[in-house]
Amino acid sequence: MGGLSRVYRFWTAVVLVAVLVQIGAAGYGAFYAADKADPGPVTHDAFDHGWSFHDAFGYVVFYAAIVSFALAVIGRFPRKRVLEIAGLPLLIAAQIGLAAGGESVPAIGVLHPLVALLILGFAGRLAFEAGWRLRRRG
């Protein structure tokens, strides 16, 4: 197994863990806001404080997914595989758009947690395949 393949294998696991952290941060934001709502009212600053890590870390996850894609391109992975890997940053970019849209149209926000599950499955699949394929060859 080449050095870049090892880096990619490790990086896909990092991205998967980052996605899990991001989902956990959403839970923290929701329960933080609920805690501040009792007895209420929740100030805008208190609400934002609960979600600040989730908001910022989402961009970290997005850039980490771009690094995965870059590793696939630099590593000269097969074209089909590179295109599959490109799906993750594209899905996360759509997720960022859904978050922005959900702030003004709550009905759009309904899609945000559903897409998070797709992202988790996609990241898990990429991590699994990176580890499985490399172990089968090695």
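Helices here are DSSP runs of type H or I with at least four residues, numbered from the N terminus. With that in hand, Arg 76 can be placed in the loop between helix 2 and helix 3. The model is a predicted one, and this loop is a pleasant place to begin reading it. Phi of Arg 76 is near 55°, a positive value in a residue other than glycine. Most residues other than glycine have a negative phi, and most peptide bonds are trans. Arg 76 counts as exposed, because its relative accessibility of 77% lies over the 50% cut-off. A second backbone feature concerns the peptide bond from Asp 38 to Pro 39, which is cis, with omega near 15°. Pro 39 belongs to the loop between helix 1 and helix 2.

Aromatic contacts come next. Searching the whole structure gives 5 aromatic pairs. One of them joins Tyr 8 and Phe 77 in an edge-to-face arrangement, with 5.0 Å from centre to centre and 80° between the planes. Tyr 8 is part of helix 1 (residues 3–37), whereas Phe 77 sits in the loop between helix 2 (44–74) and helix 3 (79–104), so the pair ties together parts that are 69 residues apart in sequence. Both Tyr 8 and Phe 77 are buried.

The rings of Phe 53 and Phe 57 form a stacked pair, because their planes meet at 15°, which is under the 30 degrees required, while their centres are 5.1 Å apart. These two residues are 4 apart in helix 2, so about one helical turn separates them. Their accessibilities fall into separate classes: Phe 53 is partly exposed at 46%, while Phe 57 is buried because its relative accessible area of 16% is under the 20% limit. A ring also takes part in a contact with a charged residue, as Arg 125 lies over the face of Phe 122, 6.0 Å from the ring centre.

On the surface, Val 110, Leu 111, Leu 114 and Leu 117 make a nonpolar patch of about 380 Å². Leu 111 lies in helix 5, which spans residues 111–137. This leucine is partly exposed, with a relative accessible area of 43%.

Finally, a word on confidence. The chain has a mean pLDDT of 92, and 95% of its residues reach 70 or more. Within the chain, confidence is highest in helix 3, at a mean of 96, and lowest in helix 5, at 88. Where pLDDT is low, the predicted coordinates should not be read in detail.

Key: Residues are numbered from 1 along each chain as its sequence is written. This is a predicted model: local features need pLDDT of at least 70, side-chain atom pairs count only at pLDDT 80 or more; totals for chains, interfaces and linings use all residues. Side-chain values use heavy atoms; hydrogens and water are left out. Patches are made of residues with over 30% relative accessible area and no salt bridge: like charges are joined within 9 Å, nonpolar side chains (Val, Leu, Ile, Met, Phe, Trp, Tyr) within 5 Å. Accessible areas come from the Shrake-Rupley method with a 1.4 Å probe; for residues, only the protein chains shown count as cover. A salt bridge is a side-chain nitrogen of Lys or Arg within 4 Å of a carboxyl oxygen of Asp or Glu. Buried means under 20% relative accessible area, exposed over 50%, partly exposed in between (1.4 Å probe, protein chains only). Rings of Phe, Tyr and Trp (its six-membered ring) pair if their centres lie within 6.5 Å; planes under 30 degrees apart count as stacked, over 60 as edge-to-face and the rest as tilted. A charge sits over a ring if NZ of Lys or CZ of Arg is within 6 Å of the ring centre and within 35 degrees of the ring normal. pLDDT is the predictor's confidence in each residue, from 0 to 100.
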